[in-house]
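Let's walk through this protein one piece at a time. Have the sequence and the 3D view open side by side.

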Amino acid sequence: MTVAKHWPRTFASMTIDHVAVLRWPEERASVERLRASGTPRLLLVAPDAEAPVATDCDEDWIRLPAVDDDVRARTNALAAKAARHSPRPEVKGDGRLAYRGRWVALSQTEEAIARLLADQLGEVVGRDVLATDWGTRPPSANAMRVHITRLRRRVGPLGLVVRSVHGRGYVMEPAEPTDS
């Protein structure tokens, strides 16, 4: 099946795995807006249109007609590239965690945990390390789970996940397209 047969209904003007799929040149204004925001984008180039000049690694194009599998492969590649080059979450120190131009409010305890996890983005942070910022008495295992659960809920909308590593600790990382 080709995209041209169903285009624009199948892929155009939609998002696949956090990648915007747009018609070129018809949606040039949207492409410019998404370039400015750093959103990964795949451009479906009309058969008779001049191909765009890709300005960064977050953009690719495919000429129509195109096979659905080729469009999916390109969106998957752009999504994977974007995840690898993702900016680090930033704990602002004022009760906020910022990531990709958005932020969420955190409690003091969530902020302390998030700071340690964000500083080691993609790496396991041991429970003992997370417990050091709790003051004089380390938290119980149950208290730690409660705060991690709350932190997970808060950072999810930003495109971040906090995963448990059994017997070791926790890791914060950008959400995979399938996590959202």
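Start with a small open sheet: three strands in the order S5-S6-S7, paired antiparallel. Strands here, like helices, are DSSP runs numbered from the N terminus (E and at least two residues for strands, H or I and at least four residues for helices), and two strands pair if DSSP finds at least two bridges between them. Strand S5 (90–91) and strand S7 (102–105) sit at the edges with a single partner strand each, so one side of each has no neighbour in the sheet. S5 and S6 are held in their antiparallel pairing over two bridges, and Glu90 has Ala98 of S6 as its bridge partner. As background, strands of a sheet pair through backbone hydrogen bonds, either parallel or antiparallel.

Before going further, a word on what you're looking at: this is a predicted model, where local features need pLDDT of at least 70 and side-chain atom pairs count only at pLDDT 80 or more, while totals for chains, interfaces and linings use all residues. Residues are numbered from 1 along each chain as its sequence is written, and side-chain values use heavy atoms, with hydrogens and water left out.

Zooming out, the protein has six helices and 10 strands. Of its 180 residues, 39% are buried, meaning under 20% relative accessible area (exposed is over 50%, partly exposed is in between, with a 1.4 Å probe and protein chains only).

Now look for strand S3 (residues 41–45). Five of its five residues are buried, so S3 is largely enclosed by the rest of the structure. Arg41, Leu43 and Val45 point one way and Leu42 and Leu44 the other, and all are buried. S3 runs parallel to strand S2 (residues 19–24), joined to it by five bridges; one of the bridge pairs is Trp24 with Val45 of S3.

Thr75, in helix H3 (residues 68–84), ties in here. It is buried, with a relative accessible area of 0%. Setting aside residues up to four places away in sequence, Thr75 touches Ile16, Val19, Val21 and Leu42, where contact means heavy atoms within 4.5 Å.

Next, find helix H4 (residues 108–119) and helix H6 (residues 141–155), whose axes come within 10 Å and cross at roughly 75 degrees. The axes are lines fitted to C-alpha atoms, for helices over the stretch in contact, with angles from 0 to 180 degrees between N-to-C directions. H4 and H6 are therefore roughly perpendicular to each other (65 to 115 degrees; under 35 is roughly parallel, over 145 roughly antiparallel, the rest oblique). H4 brings Thr109, Glu110, Ile113, Ala114 and Leu117 to the contact, and H6 brings Met144, His147, Ile148, Arg150, Leu151 and Arg154.

Glu110 of H4 is worth a click. It is buried, with a relative accessible area of 1%. Leaving out neighbours within four places in sequence, Glu110 contacts Ala105, His147, Arg150, Leu151 and Arg154. Glu110 and Arg150 are 40 residues apart in sequence, yet 7.8 Å apart in space, C-alpha to C-alpha.

Last stop: the largest nonpolar core, with 22 residues. Such a core is a set of buried Ala, Val, Leu, Ile, Met, Phe, Trp, Tyr and Cys residues joined through side-chain atoms within 4.5 Å. Leu97, Leu117, Leu130, Leu151, Val162 and Met172 have the most contacts inside it. Apart from this core lies another, of 11 residues, among them Val19, Val21, Leu42 and Ala66.
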